Amino acid sequence: MPRAPEAARRRLNDTFAGLCAIPSPSRREGAVAARVSGELRDLGFVVEEDDAGAAIGGDAGNLLCRIAPPEGSDASVLLCAHLDTVDPGDTPIDPVLVNGGWENANDAILGADNKAAVAVLLAVARRARAQGLPCGLELLFTVAEEDALVGGQAFEAGRIHSPYGYVFDQASPIGEIVMASPTYYRLQADFHGREAHAGIRPQDGSSAVVAASRAVAAMPLGRLDEETTANVASVHGGPAQATNIVPARCRVMAEARSLDEVRAEAAVTALVDHCHDAANDPECACDVDIVLDRRFAGYQQRPSDPEIVVAEAALRACGYEPSRITTGGGSDANTLRAAGLACANLANGTERNHEPTERVSVVALEGMLDVAIALLDEVAR
């Protein structure tokens, strides 16, 4: 399959750099959403924004743009990317080209996760306006994906008319197709003890920090088996400065996930049990309140699923050998599939997402555009 024209590839890179330079951590995607919707409307397309922003406490909703199929065709496909990134903090994002790849000149994320895919979807829309497409297309740009997919979960999937779709949100070499993704649980445990003067009456207090630390120390964490992981992300408790107070409050944030639903439940149950055991220990004598949230459901794809067959054909047409993989991460594909829409998550060629050394090569960025166009050709067939 011929590559996209030089002008389209140059515009793709410029668009990508411009998008990355706009900070858009979860729930603060307003500026980048305005940029994306503005470009689509300038092309003459209608963009619908839902009320997900208000529902999740953000400043932008999910964006949906429909491009009609050519006359005589009813084939259509969904392409999806998310507008948010993990929080870059106060460090600005200054995209620069280094050795054939985009990086942040500063010590922070680049935002290629997932703005590389956003830029590709905009490039496909420009192609649709300039020369048409072989099938209908729905473009979905979600918010707050990095916060356990809450933006996509607020989207009404019934608004999608296409029989299946693709998410470009796997940070690995182009050609990889995610065949399985985990079920994910988030745990918040609030330990409640009793304050006392640490130097005069420590025996009258009960330390929530001690109880929390014992719970964490007993938890099975890290990679539990080939399909299951558990992690403690943070422990916060006690007064900010004083050391002479037995702390009465401490919060533990943790998670468990597995490709196997039963193992996911077993892993998070173990975290809960250790919190209760530590709180009930006579040496701690604390109460604990636990909030357990099943944030998204896992899935398993079959090689015969139409979206997989089409994806593999498109990848081969672009010179990539398809590779079926599993992942420990979630994406909007989890949410869309849970809502009943067939959807596959494809690798986008980005590297080291969520890290200060995040990068995407120009070859991968442009290759993703070629794959997106090839997907449309295969859908039309």
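Two strands count as paired if DSSP finds at least two bridges between them. With that in hand, let's work through some exercises on this predicted model.

**Exercise 1. Partners of strand 2**

Task: Find which residue of strand 2 is the bridge partner of Glu49, and work out which strands pair with strand 2.

Solution:
- Start with strand 1 (residues 47–49), which pairs with strand 2 (residues 63–67) in the antiparallel sense over three bridges. Within that pairing, the partner of Glu49 is Leu63.
- Next, look at strand 6 (residues 136–142): five bridges join strand 2 to strand 6, and the two run antiparallel. Here Arg66 has Glu138 as its bridge partner.
- Finally, check the cover: four of the five residues of strand 2 are buried, so the strand is mostly covered.

**Exercise 2. A covered strand with parallel neighbours**

Task: Say how many residues of strand 7 are buried, and in which sense strand 7 pairs with strand 3 and runs beside strand 16.

Solution:
- Strand 7 (residues 164–170) has seven of its seven residues buried.
- Towards strand 3 (residues 76–82), the pairing is parallel, over three bridges. Cys80 stands opposite Val167 of strand 7.
- Towards strand 16 (residues 342–347), there are six bridges, and the strands again run parallel. Tyr164 has Ala342 as its bridge partner in strand 16.

**Exercise 3. The four-stranded sheet**

Task: Give the strand order of the open sheet made of four strands, and name its edge strands.

Solution:
- The order is 4-5-18-17, with antiparallel pairing.
- Strand 4 (95–98) and strand 17 (350–351) are the edges, each pairing on one side only.
- Helix 1 (residues 6–20) packs on this sheet, where it touches strand 4, strand 5 and strand 18. The direction of helix 1 makes about 15° with that of strand 5.
- Inside the sheet, strand 5 (residues 101–104) and strand 18 (residues 359–361) are joined by two bridges and run antiparallel. Trp102 stands opposite Val360 of strand 18.

**Exercise 4. The five-stranded sheet**

Task: Work out why one side of strand 10 and of strand 13 is left without a neighbour in the sheet, then find which helices lie against this sheet.

Solution:
- Write down the order first: five strands form an open sheet, 10-11-12-9-13, with antiparallel pairing.
- Strand 10 (222–225) and strand 13 (287–296) stand at the edges with a single partner strand each, so one side of each has no neighbour.
- On average, neighbouring strands of this sheet are turned by 20° against each other, direction ignored.
- Strand 9 (residues 183–192) and strand 12 (residues 249–258) share ten bridges in the antiparallel sense, and Phe191 stands opposite Cys250 of strand 12.
- Helix 6 (residues 208–218) packs on the sheet, touching strand 9, strand 11 (228–237) and strand 12, with its direction at about 15° to that of strand 12.
- Helix 7 (residues 261–280) lies across strand 9, strand 10, strand 11, strand 12 and strand 13, and runs at about 5° to strand 9.

**Exercise 5. Two helices**

Task: Decide how helix 1 and helix 2 are oriented: roughly parallel or roughly antiparallel?

Solution:
- The axes of helix 1 and helix 2 (residues 30–42) come within 10 Å and cross at roughly 150°.
- Angles over 145 degrees count as roughly antiparallel, and helix 1 and helix 2 are therefore roughly antiparallel.
- Helix 1 contributes Thr15, Gly18 and Leu19 to the contact, and helix 2 contributes Val32, Arg35, Val36 and Glu39.
- These residues divide into three nonpolar, two polar and two charged.

**Exercise 6. Salt bridges**

Task: Among the 27 salt bridges of the whole structure, look at Asp147 with Arg186 and Asp190 with Arg251, and classify each residue as buried or partly exposed.

Solution:
- The side chains of Asp147 and Arg186 meet at 3.5 Å, N to O. Asp147 sits in the loop between strand 6 and helix 5 (150–153), Arg186 in strand 9, 39 residues apart.
- Buried means under 20% relative accessible area, so Asp147 at 15% is buried, while Arg186 at 24% is partly exposed.
- For Asp190 and Arg251, the closest N and O atoms are 2.6 Å apart. Asp190 belongs to strand 9 and Arg251 to strand 12, 61 residues apart.
- Asp190 counts as buried at 15%, and Arg251 as partly exposed at 37%.

Notes: Residues numbered from 1 in each chain as written. Predicted model: local features only at pLDDT ≥ 70, side-chain atom pairs only at ≥ 80, totals over all residues. Heavy atoms only, no water. Contact = heavy atoms within 4.5 Å. Axes fitted to C-alpha atoms, helices over the stretch in contact; angles between N-to-C directions. Buried < 20%, exposed > 50% of the residue type's maximum accessible area, 1.4 Å probe, protein only. Parallel < 35°, antiparallel > 145°, perpendicular 65-115°, else oblique. Nonpolar A, V, L, I, M, F, W, Y, C, P; charged D, E, K, R; others polar. Salt bridge = Lys/Arg side-chain N within 4 Å of Asp/Glu carboxyl O.
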